[in-house]
Each structure stands twice: as structure tokens, then as C-alpha cells.
Amino acid sequence: MTHDKRFPASQAERLDNPERLVWLPPAEVIGDLAVHTGETVADVGAGTGYFSLPLSSAVGAAGKVYAIDGQSEMLDWIGLKLERAEFPNVELIHAEAEQTGLPASSCDFFFLANLWHEIEDRTAVLLEAARVLKRGGRIGILDWRTDVEPVAGPPLARRITAASALKEIRLAGFEQVACAEVGRFSWLVQGEKVQ
């Protein structure tokens, strides 16, 4: 991943801005992901845990969430939250999206939120997703819409269309693909690993 596109850890507090809960409600996104109790989820580019912690609740005590981020400072933010609340099923992993270090066929869901526009080699990330997903596992990519003014998020020129992401996951062999708009500024593309 190129570092000039990466969201700076020095601005991590922006990721926990209460206004974000209004324009990108985690419950709405997780509902669209259809994550189930007992599943194992890789939250790649976890940031401050905006989705990791709600995903932890969604998969329950029988499930597992790997909060993966390439910036140790972001993982420190999640670690502080884990100290204050009971989330025994969250494991912090310092790794990049292209090489998560997770075992093969270990996850039911591979989730990337607001990261797709930052990734230089998206094919490598899709290969990694296919490697760590179980057969029948799903990928979810949430990113910024290109048809709304950038009140939040990256400039329009850096955003990627949902249609482009759909094409990329199809080419990578994911099936049952679907796309939806979520929140005020985002799209969500999903696919299933069938082999």
C-alpha cells in the first residue's frame, strides 16, 4: 500500500467523531454484511476499531474478529478501547491488506472499510482475501461514493467507483456479487468465494 494515500494515524481522532455515527451508522453497515454469530471476521484497515468492536458484538463470544492495520498507532487506539470494555474475541494484528498473516481458509468474512481507494495493488488484496476465506466465505468492500461532494473522506479524484470494485472482485473469482449504497456517502460491494 502506498503511504501517501494512507489515512494518517495522527488524525485518528477524526475516525471517532460522533458525527460519523450519523452519516455511516455501523449497525446499518453490519446489517448489510449479514454477519452471523460464531463467524470469524477479518476487519482489514481497522483504524480505531469503528467497525471491529460492533463486529465483535455481532459475531458474539463464539466468533472472532481480527482487527488488522498497517499502522501500529491505530492498533493502539483499539487497544485502549479493548482495555475499557469487554471484547475478548478481538485480536489485534499489525499487517498490511496484501499480507495479513492469517492462516489459509480461516475466515468467514473479509471486510475493508474506507480503504479501497488507498490500496495500490488491489489484485494482491483480493488474492489475499481469497486465500484467507473459507469456501463460501464473503468479502465486503465499503468505500466513498464518487457522486457526492466530499464533506468527509478523500477528494473525489482519489475515489473509486462501486462499478470498478464490482468488476475487480468478479475478475478475482468472487461470485454472488452485490452492491448497495450505505449511509450518506458510501457504497458497499460484496461477493462470495465459491471455490
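Start with the whole chain: the protein has 195 residues, and 52% of them count as buried. The model is predicted. Its accessible surface comes to about 8,900 Å², with carbon and sulfur atoms supplying 52% of that area.

**Colour by secondary structure**

Six helices and seven strands should appear. Following the sequence, they come in the pattern α-α-β-α-β-α-β-β-α-β-α-β-β. Contacts along this chain often link distant stretches of sequence: among those between residues at least 6 apart, 70% join residues at least 24 apart.

**Select the strands**

Now show the strands alone. The seven strands make an open sheet with mixed pairing, and the order across it is S3-S2-S1-S4-S5-S7-S6. S3 and S6 are the edge strands, each pairing on one side only. From one strand to the next, the twist averages 15°. In general, strands of a sheet pair through backbone hydrogen bonds, in either a parallel or an antiparallel way.

Go to the edge formed by S6 and select strand S7 (residues 186-193) as well. S6 and S7 run antiparallel and are joined by seven bridges. One residue pair to pick out is Glu 181 with its bridge partner in S7, Trp 187.

Next, add helix H2 to the view. H2 packs on the sheet and touches S4, strand S5 (133-144), S6 and S7. The direction of H2 makes about 25° with that of S7. Then add helix H4, which also packs on the sheet, where it touches S2 and S3. The direction of H4 makes about 165° with that of S3.

**Select Ala 180**

Stay with S6, which spans residues 174-182, and click on Ala 180. Is Ala 180 buried or exposed? Ala 180 falls in between: its relative accessible area is 31%, so it counts as partly exposed. Beyond its neighbours within four places in sequence, Ala 180 is in contact with Ser 186, Trp 187 and Leu 188. Now draw a distance from Ala 180 to Asp 32: their C-alpha atoms are 8.6 Å apart, although 148 residues separate the two along the chain.

**Select helix H3**

Move to residues 52-59, which form helix H3, and show the side chains of its buried residues: Ser 52, Leu 53, Leu 55, Ser 56 and Val 59. They lie on the same side of H3, because they cover an arc of only 160° around the axis. What covers these buried residues? The cover includes helix H2 (26-33), strand S1 (40-44), S2, helix H4 (72-84), strand S3 (90-94) and strand S4 (107-113). Just after the helix, select Gly 60: this residue follows H3 and has a positive phi, near 70°.

**Select Asp 69**

The last stop is in strand S2 (residues 64-69), where Asp 69 is found. Asp 69 counts as buried because its relative accessibility is 7%, against a cut-off of under 20%. Which backbone nitrogen lies 3.3 Å from a polar atom of the Asp 69 side chain? It is the backbone nitrogen of Ala 46.

To see the rest of the surroundings, display the residues that Asp 69 touches, leaving out those up to four places away in sequence. They are Gly 45, Ala 46, Gly 47, Met 74, Leu 75, Ile 93, His 94 and Ala 95.

Methods:
Residues are numbered from 1 along each chain as its sequence is written. This is a predicted model: local features need pLDDT of at least 70, side-chain atom pairs count only at pLDDT 80 or more; totals for chains, interfaces and linings use all residues. Side-chain values use heavy atoms; hydrogens and water are left out. Helices (H or I, at least four residues) and strands (E, at least two) are DSSP runs, numbered from the N terminus. Buried means under 20% relative accessible area, exposed over 50%, partly exposed in between (1.4 Å probe, protein chains only). A polar contact is a pair of N or O atoms within 3.5 Å; within protein, one must be able to donate a hydrogen and the other to accept it, and residues adjacent in sequence count only if both atoms are side-chain atoms. Contact means heavy atoms within 4.5 Å. The arc is that of the directions from the helix axis to the C-beta atoms. Accessible areas come from the Shrake-Rupley method with a 1.4 Å probe; for residues, only the protein chains shown count as cover. Two strands pair if DSSP finds at least two bridges between them. Axes are lines fitted to C-alpha atoms, for helices over the stretch in contact, and angles run from 0 to 180 degrees between N-to-C directions.
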